[in-house]
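Please look over the sequence and the structure shown here before reading the report.

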Amino acid sequence: MSASKFLVAAAAISMSATAFAAGAHGEGHGSGRSGHGGGHGAATGEPGKASEASRTITVEMHDNYYEPDSIEVKPGETVRFVVQNKGNLVHEFNIGTPAMHEAHQKEMMMMVEHGIIQGGTLNRDMMEMDMGNGKAMKHNDPNSVLLEPGQSREVVWKFSDKGDIEFACNVPGHYQAGMYGEVDFD
Ligand SMILES: [Cu+2]
């Protein structure tokens, strides 16, 4: 999907988001997760400690690509990423397998459908809201950050020994536009 098509779709969706917000008002305090929790660890690694990071890699996010577009790590290495959104759209930096990214893209589609992601805007209040089933569309897994234009955040990750790992943006259409990069083990 082109960026302009994406924006049109996001604008259309934002109208239904207003109705959604009204309906879901009150309650809140969703302690649940959006469902993309379990099972990350083994294949890709685990959250790392900044004090154990061997180096810092700055990753710039643009519309729709990363700079750098691939990285090389040592097996078991802990890396501190400083992720900066230099684009005009909301972007994600997510460390996972291709299958994890595919699954996460469906959840991100729901975030767009609910107006949580609208082009360059991220509605963090809405991410906290109860979706009516005791769950919220929080996006707080340690292997990823979701950032508005101009925002910057750190991810510290201890990589596994090997695996088919990519960093990717799962905002609808972005992965398909090429917004992912290889993690190579040296
Ligand atoms: Cu993106």
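The report below takes up the strands, one helix, one loop residue and the nonpolar core.

## The five-stranded sheet

In this predicted model, an open sheet is formed by 5 strands in the order E4-E12-E11-E6-E9, and the pairing within the sheet is mixed. Strand E4 (70–73) and strand E9 (144–147) stand at the edges, and because each has a single partner strand, one side of each is left without a neighbour in the sheet. From one strand to the next, the twist averages 20°.

Strand E6, which covers residues 91–96, runs antiparallel to E9 and is joined to E9 by 4 bridges; within this stretch of the model, Asn-94 stands opposite Ser-144 of E9. Helix H3, made up of residues 98–113, lies across E6 and strand E11 (165–168), and the helix runs at about 140° to E6.

## Strands that pair with E10

Strand E10 (residues 152–159) pairs with strand E1 (residues 45–47) in the antiparallel sense, over 3 bridges, and in this pairing Gly-45 stands opposite Phe-159. Strand E5 (residues 78–85) also runs antiparallel to E10, with 7 bridges joining the two strands, and here the bridge partner of Gln-84 is Ser-152.

## Pro-149 in the loop between E9 and E10

Pro-149 has its place in the loop between E9 and E10. Is this residue buried, exposed or partly exposed? Pro-149 counts as partly exposed because 17 other C-beta atoms lie within 10 Å, whereas a buried residue would need 20 or more and an exposed one would have 12 or fewer.

When residues up to four places away in sequence are left out, Pro-149 touches Asn-85, Gly-87, Asn-88, Leu-89 and Gly-120. The C-alpha atoms of Pro-149 and His-91 are separated by 7.9 Å, although these two residues are 58 residues apart along the chain.

## The nonpolar core

In soluble globular proteins, nonpolar side chains tend to be buried together. The largest nonpolar core of this model has 33 residues, and those with the most contacts inside it are Phe-93, Ile-117, Phe-167 and Cys-169. Two or more residues of this core come from each of E5, E6, H3, E9, E10, E11 and strand E12 (180–185).

Phe-167, one of the residues with the most contacts inside the core, touches Tyr-66, Phe-93, Asn-94, Ile-95, Tyr-180, Gly-181 and Val-183, again not counting residues up to four places away in sequence.

Terms used:
Residues are numbered from 1 along each chain as its sequence is written. This is a predicted model: local features need pLDDT of at least 70, side-chain atom pairs count only at pLDDT 80 or more; totals for chains, interfaces and linings use all residues. Two strands pair if DSSP finds at least two bridges between them. Axes are lines fitted to C-alpha atoms, for helices over the stretch in contact, and angles run from 0 to 180 degrees between N-to-C directions. Two residues are in contact if their C-beta atoms, placed from the backbone, lie within 7 Å. A nonpolar core is a set of buried Ala, Val, Leu, Ile, Met, Phe, Trp, Tyr and Cys residues joined through C-beta atoms within 7 Å.
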